[in-house]
Amino acid sequence: GFIGFALWQVKGGTIFDNVIITDDVAEADAFAKKWKALSEVEAAKKKEEDEAKKAEDAKKAESSDDDDDDDEEKKESEEM
């Protein structure tokens with residue numbers, strides 16, 4: 001027998017793994033249970049990383065806003 005996959009990637013860097021092909025329902029159920037636990041851990045880690053990145057981006061934006069104010073004040077003092 002043969003099997004084929006036609007996969008469309010929405011985002012670059014997408015990884016397809018954890019594929020099981022079986023005719024044993026018990027094996028498939030055990031695999032699904034293991035996958036669900038792993039998926040929950042991965043989702044929590046991704047959420048943590050996304051929140052850290054969001055906080056870092058906000059901090060960078062805030063510091064760049066502060067830098068812009070300093071430049072404007074310097075220009076105004078030079079014009080006087």
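How many salt bridges does a search of the whole structure find? The search finds four salt bridges, and three of the views below show salt bridges, including the one between Glu48 and Lys45. The model is predicted.

**Figure 1. Overview of the predicted model.** The secondary structure of the protein consists of one helix and zero strands. The protein has 80 residues, of which 0% count as buried. Its accessible surface comes to about 7900 Å², and carbon and sulfur atoms account for 54% of that area.

**Figure 2. Nonpolar surface patch ahead of helix 1, viewed around Ile3.** Ile3, Phe5, Leu7, Phe16, Val19 and Ile21 together make a nonpolar surface patch of about 660 Å². Ile3 belongs to the segment that precedes helix 1, the helix spanning 25-79. With a relative accessible area of 56%, Ile3 is exposed, because the cut-off for this class is over 50%.

**Figure 3. Negative surface patch that includes Glu27.** Four residues, Asp23, Asp24, Glu27 and Asp29, form a negative surface patch. Glu27 is located in helix 1. Its relative accessibility of 41% places Glu27 in the partly exposed class.

**Figure 4. Salt bridge between Lys45 and Glu48.** The closest N and O atoms of this pair are 3.7 Å apart. Glu48 and Lys45 are three residues apart in helix 1, so about one helical turn separates them. Lys45 has a relative accessible area of 43% and is therefore partly exposed. As a general principle, side chains of opposite charge can pair when their charged atoms come close.

**Figure 5. Salt bridge between Lys53 and Asp57.** In this pair, the closest N and O atoms lie 3.2 Å apart. Both Lys53 and Asp57 are part of helix 1, where a spacing of four residues corresponds to about one turn of the helix. Asp57 counts as partly exposed, at 36% relative accessibility.

**Figure 6. Salt bridge between Glu56 and Lys60.** The side chains of Glu56 and Lys60 meet at an N to O distance of 3.4 Å. Both residues lie in helix 1 and are four residues apart, about one turn of the helix. Glu56 is partly exposed, its relative accessible area being 44%.

Notes
Residues numbered from 1 in each chain as written. Predicted model: local features only at pLDDT ≥ 70, side-chain atom pairs only at ≥ 80, totals over all residues. Heavy atoms only, no water. Patch = residues over 30% accessible without salt bridge, like charges linked within 9 Å, V, L, I, M, F, W, Y side chains within 5 Å. Areas by Shrake-Rupley, 256 points an atom, 1.4 Å probe, with all protein chains shown as cover. Helix = DSSP H or I, 4+ residues; strand = E, 2+ residues; numbered from the N terminus. Buried < 20%, exposed > 50% of the residue type's maximum accessible area, 1.4 Å probe, protein only. Lys, Arg positive; Asp, Glu negative; His and termini not counted. Charge placed at Lys NZ, Arg CZ, Asp CG, Glu CD.
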